[in-house]
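Let us take a walk through this model together, starting with strands and moving on to helices, surface and charges. Please have the viewer ready.

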Amino acid sequence: MERILITGAMGQLGLEFIKFFSKQNVYILATDIIKPKIKLSCDFLIADATNKSNIDAIVKQNRITTIYHLVAVLSAKGEKNPFKAWQINMESFQNIIEISIKNNIKKIFWPSSIAVFGTKSNLKNVDQDPILNPETIYGISKLAGEKLINYYNKKFNLDIRSLRYPGIVSFNSKPGGGTTDYFMEMIEKLKQGENYTCFLEKNTKLPMLYIDDAILGTIKYMSMNKNKLSIKDSYNITGFSITPLELEDKLIKLGCKGKVIYKPDYRDKIAKTWPRKIKDEKAKEDWDWKVEFGIDQALNEAFK
Ligand code: AKB
């Protein structure tokens, strides 16, 4: 039986991966530095992924075969303390690599992000392999991780895989510390008839992806034969692109009464260094990546 360790499991992605894996015939162990706020359908341990010996012991004791390493300080929070963000993102990443080599871990998943792109990446519609000049510490750590994935794949024949997620849209699990968080925040406020102060400029367009697409796509990608995957670092994937104003219009049409006040801050500057659209042809070609949900289906879920 596959025995999966999920680190950073109490985040937006972790909780959804737990939900998905709970319905499969696999063992799941979730870890995080914060306690679960809800009852989990799997085992849970408090563990800091920057503590290598502790994670190593957990992997051994629980006979882990696969790791989803989801620990990350995201873009907006990272800019508040870049040294800490780099330390957490990279130290935990390196620990997982070393532990995986030592313990013969079969497969590792590590999410990358649209934050690896930058103003030189042709942001109108970015290719799989453009110039990459990330301008946030989060983006720099994701790019470094991508390069290391390629290196460790070659050097140690480690099967570590990665996807460049756009902003993830989810309503049951909340994001935290990201630039694309505005999307869920605006919906939550306007749905309650409250006003929302948006930290992005109204026409700042960003790519987003509904959580179910993100989870199912990741699972499909992880199940592929490694030889079929021509991209050895991280694949572009995307769902839909939207501006805050377009989202506001849709929410008004859905009957929301609250207003949006636009007060762009440093997060808008971050968003302006990220793509408006993403080309995900390589993922479509290599592992049949498909999007099922558009913005309207995602909003239906939010208003269910
Ligand atoms: C963030 O906004 O920092 C993340 C991301 C796009 O990686 N959601």
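Two strands pair if DSSP finds at least two bridges between them. With that in mind, keep in view that this is a predicted model, and turn to strand 11, residues 206-210. Which strands does it pair with? Strand 9 (residues 167-169) runs parallel to strand 11, and three bridges join the two. Within that pairing, Gly167 stands opposite Met208. Strand 13 (residues 240-242) is also joined to strand 11 by three bridges, but here the direction is antiparallel. Look for Leu206 in strand 11 and you will find its bridge partner, Ile242, in strand 13.

How well covered is strand 11? Five of its five residues are buried. In a regular strand, side chains alternate between the two faces of the sheet. Here Leu206, Met208 and Tyr210 lie on one side, while Pro207 and Leu209 lie on the other, and both faces are covered.

Next, the helices. Helix 6 spans residues 182-191, and its buried residues are Tyr182, Phe183, Met184, Met186, Ile187 and Leu190. An α-helix has 3.6 residues a turn, so residues three or four places apart point the same way. After helix 6 comes Gly193, which has a positive phi, near 75 degrees.

Helix 5 (residues 137-156) includes Phe156, and this residue takes us to the surface. Together with Ile101 and Tyr151, Phe156 forms a nonpolar patch with about 270 Å² of accessible area. Phe156 has a relative accessible area of 40%, so it counts as partly exposed.

Finally, the charges. Side chains of opposite charge can pair when their charged atoms come close. How many salt bridges does a search of the whole structure find? The search gives 18. One of them links Asp159 and Arg161, with the closest N and O atoms 2.8 Å apart; both residues are buried.

Other pairs bring together residues with unlike cover. Lys272 meets Asp268 at 2.5 Å, N to O. Asp268 is buried because its relative accessible area, 7%, falls under 20%, whereas Lys272 is partly exposed at 40%. Asp280 and Lys284 form a salt bridge too, their closest N and O atoms being 3.1 Å apart. Asp280 is buried at 4%, while Lys284, at 42%, is partly exposed. Elsewhere, Asp56, Lys60 and Lys102 are joined into one network by salt bridges that share partners.

Methods
Residues numbered from 1 in each chain as written. Predicted model: local features only at pLDDT ≥ 70, side-chain atom pairs only at ≥ 80, totals over all residues. Heavy atoms only, no water. Salt bridge = Lys/Arg side-chain N within 4 Å of Asp/Glu carboxyl O. Buried < 20%, exposed > 50% of the residue type's maximum accessible area, 1.4 Å probe, protein only. Patch = residues over 30% accessible without salt bridge, like charges linked within 9 Å, V, L, I, M, F, W, Y side chains within 5 Å. Areas by Shrake-Rupley, 256 points an atom, 1.4 Å probe, with all protein chains shown as cover. Helix = DSSP H or I, 4+ residues; strand = E, 2+ residues; numbered from the N terminus.
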